[in-house]
Amino acid sequence: MDTEPLVLIADRGLNNQALLADLLVSDAQATSIIHDTQLNFWLQEEVEILPSLLILDFNFFQQQTRVFCQRWLAHPLMRQVPILIMSNDDDEIELLALTCGAVDFLAQPFKPLLTLARIKLHLAQVKEHRRLSSLSMTDALTRIANRRYFDEFYRAEWRRACREQGSLGLIMIDIDHFKAFNDHYGHLQGDECLTAVAQQLKAAVQRPRDFVARFGGEEFIVLLPSIQAEGVRVVAERLQEALANLMITHGYSSASQYVSVSMGLAWCEPDNDFRPDQLIAAADEALYSAKENGRNGFSEVVIVENKPVFQAS
Ligand SMILES: Nc1nc2c(ncn2[C@@H]2O[C@H](COP(=O)(O)OP(=O)(O)OP(=O)(O)O)[C@@H](O)[C@H]2O)c(=O)[nH]1
């Protein structure tokens, strides 16, 4: 179901707010902003809702409008929220608006039908842009995040962990004897199995920033930001139990009568001397060791002073 788009209207006066809210009543939910603090709220790190548009009155910041637009467009989330600047019909202000990052200019006094048509056009563009962007980040078969989205998210979380002296856990997951599953039950059933595993993994992680992606073929990856090393093991056990509950028969696996997975767990406190791909390599190595140890289980590695240390599992 489509959710109603959210339009932020920043204007220190209430007249235009009311006018625009009335105009938009059937197309969007309007939120009124009259103080800087209300606008700054959207520029924090942890905003969970993504508005569709910001309509900003030029008088809100006057000559500081350019600086504000730069801040808005530098924010990792808000940069996806186009700015429309409104003001009295003045060529100089219109030019400033269009050269400081706003996508359009709404001249006052408003011509209601034209103003609404313009805003609706921008709302439609934002919606289409987000639809395409979500498609480009989703794995078509399993409907979870794809590798590309993972890479982007992982880099951002790595940077955050470096900044905040946080920690990151990774779990690399590979279905056991999946070639034999495909060979005996057919590719279509193989596809269904991959989708069921992906959806079950996604449902089993709990925190908002936990991230599950298809890493490739029959491999999945789980990123667990701000977690202790022992926590990674707890999540791995939960994932393993969730997958066991699927009880997908696999009559051609030496590891179990049901579809099972092997996991490589890695954990570190990122710093600038250690690279994101090194943690992935460590998880991959742990996965290899889990396969060597008979599959349907996991191996763990933690990074201490930039050196991998394997743990007994
Ligand atoms: N049905 C289906 N199969 C896929 C897909 N992507 C990869 N595979 C199959 O996954 C299998 C992976 O096989 P291998 O890498 O040999 O590993 P395995 O048989 O799982 O063996 P172990 O990992 O050692 O337990 C191959 O047969 C691939 O064709 C997909 O999108 N759909």
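The following dialogue asks how terms and values are applied to this predicted model.

Student: What makes this a model to be read with thresholds, and how are residues numbered?

Tutor: The model is predicted, so local features need pLDDT of at least 70, side-chain atom pairs count only at pLDDT 80 or more, and totals for chains, interfaces and linings use all residues. Residues are numbered from 1 along each chain as its sequence is written.

Student: What is the mean pLDDT of the chain, and which ipTM and pTM does the model score?

Tutor: pLDDT is the predictor's confidence in each residue, from 0 to 100. The chain has a mean of 94, and 98% of its residues reach 70 or more. The model scores are ipTM 0.93 and pTM 0.82. Where pLDDT is low, the predicted coordinates should not be read in detail.

Student: Where do the domains of the chain lie, and how do you know the bounds?

Tutor: Domain 1 covers 6–136 and domain 2 covers 147–311. The bounds come from an automatic or database domain assignment. Taken over C-alpha atoms, the centres of domain 1 and domain 2 are separated by 41 Å.

Student: Why is Cys69 called buried or exposed?

Tutor: A residue is buried if 20 or more other C-beta atoms lie within 10 Å of its own, exposed if 12 or fewer, and partly exposed in between, with C-beta atoms placed from the backbone. Cys69 has 21 other C-beta atoms within 10 Å, so Cys69 is buried. Its place is in helix 4; helices (H or I, at least four residues) and strands (E, at least two) are DSSP runs, numbered from the N terminus.

Student: What does Cys69 touch, and how do you know that a pair is in contact?

Tutor: Two residues are in contact if their C-beta atoms, placed from the backbone, lie within 7 Å. Not counting residues up to four places away in sequence, Cys69 touches Ile83, Cys100, Gly101 and Ala102.

Student: Why is Leu194 buried or exposed, and what does Leu194 touch?

Tutor: Leu194 has 22 other C-beta atoms within 10 Å, so it counts as buried. Leu194 sits in helix 9, and, residues up to four places away in sequence left aside, touches Leu141, Thr142 and Glu218.

Student: Why does Leu243 count as buried or exposed?

Tutor: Leu243 has 23 C-beta neighbours inside 10 Å and therefore counts as buried. Leu243 belongs to helix 10 (residues 229–246), and touches Val197, Gln200 and Val261, not counting residues up to four places away in sequence.

Student: Why is Glu292 called buried or exposed?

Tutor: Glu292 has 10 other C-beta atoms within 10 Å, so it is exposed. Glu292 is in helix 11. Glu292 and Ser262 are 30 residues apart in sequence, and 9.8 Å separate them in space, C-alpha to C-alpha.

Student: What makes a set of residues a nonpolar core, and which residues of the largest nonpolar core touch the most other members?

Tutor: A nonpolar core is a set of buried Ala, Val, Leu, Ile, Met, Phe, Trp, Tyr and Cys residues joined through C-beta atoms within 7 Å. In the largest, of 50 residues, Leu170, Ile171, Met263, Leu265, Ala266 and Ala283 touch the most other members. Helix 11 (residues 276–292) gives the most to this core, with seven residues. Apart from it lies another core, of 28 residues, among them Leu20, Ile33, Ile55 and Ala97.

Student: What is notable about phi of Gln62 and of Arg143?

Tutor: Most residues other than glycine have a negative phi, and most peptide bonds are trans. Gln62 has a positive phi of about 45° although it is not a glycine, and phi of Arg143 is near 65°, also positive. Gln62 is in the loop between helix 3 (58–61) and helix 4 (65–74). Arg143 lies in the loop between helix 6 and helix 7 (147–164). With 10 other C-beta atoms within 10 Å, Gln62 is exposed; Arg143, with 12, is exposed as well.

Student: What joins Gln108 and Pro109?

Tutor: A cis peptide bond joins them, with omega about 0°. Pro109 is in the loop between strand 5 (104–108) and helix 6 (112–136).

Student: Which residues come nearest to the ligand, and how do you know that a residue is near?

Tutor: A residue is near a molecule or strand if its C-beta atom, placed from the backbone, lies within 6 Å of it. Of the 17 residues around the ligand, Asp176, Phe178, Lys179, Gly190 and Gly217 come nearest. Strand 6 (168–175), helix 8 (178–185) and helix 9 (187–204) are the elements that give two or more residues to this shell.
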